[in-house]
Amino acid sequence: MSLVFGQVEPAVFQAYAFWAAVLGLKMLLMSVLTGLKRGSKKVFSNPEDVKPGGKVAYDDPDVERVRRAHRNDMENILPYFIIGFLYMFTNPSVTVATNLFRLVAVVRISHTVFHVLVPVHKFRGMSWAIGFFTTAFMGVQIVLHFL
C-alpha cells in the first residue's frame, strides 16, 4: 500500500463531491415529492397534519410508491456515499472514477424516474442493478487495494 491515507487526486475529489451533492439533493427532493403527493391525495400520516377533506392513511398506492423509491435511495445511495468516498483513496484513474461516480448518479436518478414518474419495471430494475454493481465494484476495489 504505497498511497498515504489522505492523499486524493483533486479531480477525483471534485467529481465525487459534485455527484454526491447531486444525489444528496435528489434524496432531499424525494422528501418534498412525498409531501406533495400526500397533499395532492389528501392522505397524511399524522392526525395533526390532516387538512380539510383529508384523512390519515398509510396505504395510498401513489404515496407508497414515492416512499418506496425514497427508501430504495436510502438503501443504495447511503452505502454509495461511504464506498465512493473510500474509493477515492485507492488512487483510481481520474477518468474511471469520474465515470463511475457519474454512472451511479445517473442510474439512481433514472431509477426514480422509472419508479415514480414513468413506472417501467424493466428499466427500473436495470437502473438499480447498474448502480448496485457499480458501487459493489468500487467496494471490491477498496478491499483489494487495502489487503
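What follows is a conversation about how some features of this model are named.

Modeller: This is a predicted model, in which local features need pLDDT of at least 70 and side-chain atom pairs count only at pLDDT 80 or more, while totals for chains, interfaces and linings use all residues. Residues are numbered from 1 along each chain as its sequence is written, and side-chain values use heavy atoms, with hydrogens and water left out.

Colleague: Why is Ile-130 called partly exposed?

Modeller: Its relative accessible area is 38%, and because buried means under 20% and exposed over 50%, with partly exposed in between (1.4 Å probe, protein chains only), Ile-130 is partly exposed.

Colleague: What makes the nonpolar surface patch?

Modeller: Leu-103, Phe-123, Met-126 and Ile-130 make this patch of about 330 Å²; patches take residues with over 30% relative accessible area and no salt bridge (a side-chain nitrogen of Lys or Arg within 4 Å of a carboxyl oxygen of Asp or Glu), and nonpolar side chains (Val, Leu, Ile, Met, Phe, Trp, Tyr) are joined within 5 Å, like charges within 9 Å. Helix α4 (residues 121-145) gives the largest share, three residues, and Ile-130 is found in that helix.

Colleague: What is the span of helix α3, and what is expected?

Modeller: Helix α3 (residues 94-117) has 24 residues and reaches 33 Å from its first C-alpha to its last, close to the 34 Å expected, where the expected span is 1.5 Å times one less than the number of residues.

Colleague: What radius of gyration does the chain have, against that of a compact globule?

Modeller: The chain has 19 Å, whereas a compact globule of 147 residues would be near 15 Å, by the rule of 2.2 Å times the number of residues to the power 0.38, with the radius taken over C-alpha atoms.

Notes:
Helices (H or I, at least four residues) and strands (E, at least two) are DSSP runs, numbered from the N terminus. Accessible areas come from the Shrake-Rupley method with a 1.4 Å probe; for residues, only the protein chains shown count as cover.
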